[in-house]
Amino acid sequence: MSEEEQRGRGAASVHRVGGLLGDLQAADEQPVAPRRRADAERNRAQILAAAERLFAEQDPRSVTMDRIAKAAGVGRATLYRSFPDPSSVAVALLDEHERRLQGQLIYGPPPLGPGAPAGERLAAFYLAMLDLLERHLPLALGAETGPARFRTGAYGFWRVHVRTLLVDHGVGDPDPLIDIALSPLSPELFQFQRHQLGLSAERIGRSLTAFARELLASGGGR
């Protein structure tokens with residue numbers, strides 16, 4: 001019998017028991033759900049706080065579920081009820097930062113938001129993404145490296161944004177250019193340029209600003 005069926009069977013048995021006993025059983029069950037929700041929220045907060053420390057202190061790709069559970073002081077079963085793997089924990093942490101940027105792209109002032117030419121908006125998007133990577137690189141490396149990067153909701157949002165800019169610019173066949181335009185924002189590439197080559201974020205930003213304009217020019221448009 002499934003857990004859901006067991007819960008349903010238990011609830012039915014309360015209704016079958018009449019009188020005071022049935023009332024007491026029903027009363028006892030009322031606070032359980034709110035307590036469980038509060039416990040789950042507390043556990044989630046502990047997990048995310050512990051994971052963020054681990055991602056910042058060591059190679060994010062070496063963070064395991066065992067390490068997260070121990071650092072958070074929760075059991076493995078509790079951790080797996082909320083997250084299937086370390087990457088999903090990193091995605092949850094990174095999500096809030098990416099949501100803020102997404103809001104700026106939709107509602108913010110130009111050139112990041114609507115109202116500026118496509119080339120200027122793409123350049124502003126590059127600079128905003130570089131700032132996000134500079135601030136939260138460990139999380140990005142834990143969440144958006146390799147093939148996993150293309151499966152995140154954030155990457156899907158960036159694709160829609162870039163495609164919109166290409167179409168607005170009048171690029172005849174925008175789809176092949178979308179991922180080319182996003183490829184310089186790979187966390188692994190940013191880590192290589194910043195921490196192995198020693199390039200400054202400002203220098204990378206200047207190059208990407210020029211790249212944005214050249215990419216749109218090479219793609220055609222009005």
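1. Let's start with how the chain holds together. Among contacts between residues at least 6 apart in sequence, 64% join residues at least 24 apart. Please keep in mind as you read that this is a predicted model.

2. Next, the overall make-up. The secondary structure comes to 11 helices and 0 strands, and reading along the sequence gives the pattern α-α-α-α-α-α-α-α-α-α-α. The chain has 222 residues, of which 38% count as buried.

3. Helix α7 is a good place to begin looking at packing. How do α7 and α8 run relative to each other? Their axes come within 9 Å and cross at roughly 160 degrees. An angle over 145 degrees counts as roughly antiparallel, and α7 and α8 are therefore roughly antiparallel to each other. The crossing in which α7 passes α8 is left-handed.

4. If you want to find this contact in the structure, look on the α7 side for A118, R121, L122, F125 and M129, which meet W158, H161, V162, L165 and H169 in α8. Sorted by class, the contact of α7 with α8 has 7 nonpolar, 2 polar and 1 charged residues.

5. Helix α7 (residues 118-143) also packs with helix α10 (residues 187-196): the two axes come within 10 Å and cross at roughly 110 degrees. Angles of 65 to 115 degrees count as roughly perpendicular, and that makes α7 roughly perpendicular to α10. Here too the crossing is described as left-handed, with α7 passing α10.

6. The residues of α7 that take part in this contact are L130, L133, E134, L137, A140 and L141, and they meet P187, E188, F190, Q191, R194 and H195 in α10. By class, the contact of α7 with α10 has 7 nonpolar, 2 polar and 3 charged residues.

7. Staying with α10, which of its residues are buried? They are P187, F190 and R194. These residues cover an arc of only 60 degrees around the axis, which puts them on the same side of α10. P187, F190 and R194 also appear among the α10 residues that meet α7. Just after α10, you will come to G198, which takes a positive phi of about 75 degrees.

8. Two residues of α7 deserve a closer look, and A140 is one of them. A140 sits in helix α7 and is buried, with a relative accessible area of 1%. Not counting residues up to four places away in sequence, A140 touches L94, L133, T145 and P187. There is also a link across the sequence to follow: A140 and V91 are 49 residues apart along the chain, while their C-alpha atoms are separated by 7.8 Å.

9. The other is H136, also found in helix α7. Is H136 buried or exposed? Buried means under 20% relative accessible area, so at 16% relative accessibility H136 counts as buried. Leaving aside its neighbours within four places in sequence, H136 is in contact with L94 and H97. L94 is thus a residue to look at twice, since A140 touches L94 and H136 is in contact with L94.

10. Now to the pairing of helix α8 (residues 153-169) with helix α9 (residues 175-182). These helices pack at an angle of about 120 degrees, with their axes 9 Å apart, and that makes α8 oblique to α9. The crossing in which α8 passes α9 is right-handed.

11. At this contact, Y155, W158, R159, V162, R163 and L166 in α8 meet D175, L177, I178, D179, A181 and L182 in α9. The count by class for α8 with α9 is 8 nonpolar, no polar and 4 charged residues. W158 and V162 of α8 take part here, and W158 and V162 are also among the residues that meet α7.

12. Where do the buried residues of α9 lie around the helix? The buried ones are L177, I178, A181 and L182. Seen down the axis of α9, they fall within an arc of 130 degrees, so they line one face of the helix.

13. Finally, a stop earlier in the chain. Helix α4 (residues 65-72) has M65, I68, A69 and A72 buried. These four cover an arc of only 100 degrees around the axis, which puts them on the same side of α4. Just after α4 comes G73, with a positive phi of about 70 degrees.

Key: Residues are numbered from 1 along each chain as its sequence is written. This is a predicted model: local features need pLDDT of at least 70, side-chain atom pairs count only at pLDDT 80 or more; totals for chains, interfaces and linings use all residues. Side-chain values use heavy atoms; hydrogens and water are left out. Axes are lines fitted to C-alpha atoms, for helices over the stretch in contact, and angles run from 0 to 180 degrees between N-to-C directions. Angles under 35 degrees count as roughly parallel, over 145 as roughly antiparallel, 65 to 115 as roughly perpendicular and the rest as oblique. A crossing is left-handed if the near helix is turned anticlockwise from the far one by less than a right angle, and right-handed if clockwise. Contact means heavy atoms within 4.5 Å. Ala, Val, Leu, Ile, Met, Phe, Trp, Tyr, Cys and Pro count as nonpolar, Asp, Glu, Lys and Arg as charged, and the others, Gly among them, as polar. Buried means under 20% relative accessible area, exposed over 50%, partly exposed in between (1.4 Å probe, protein chains only). The arc is that of the directions from the helix axis to the C-beta atoms.
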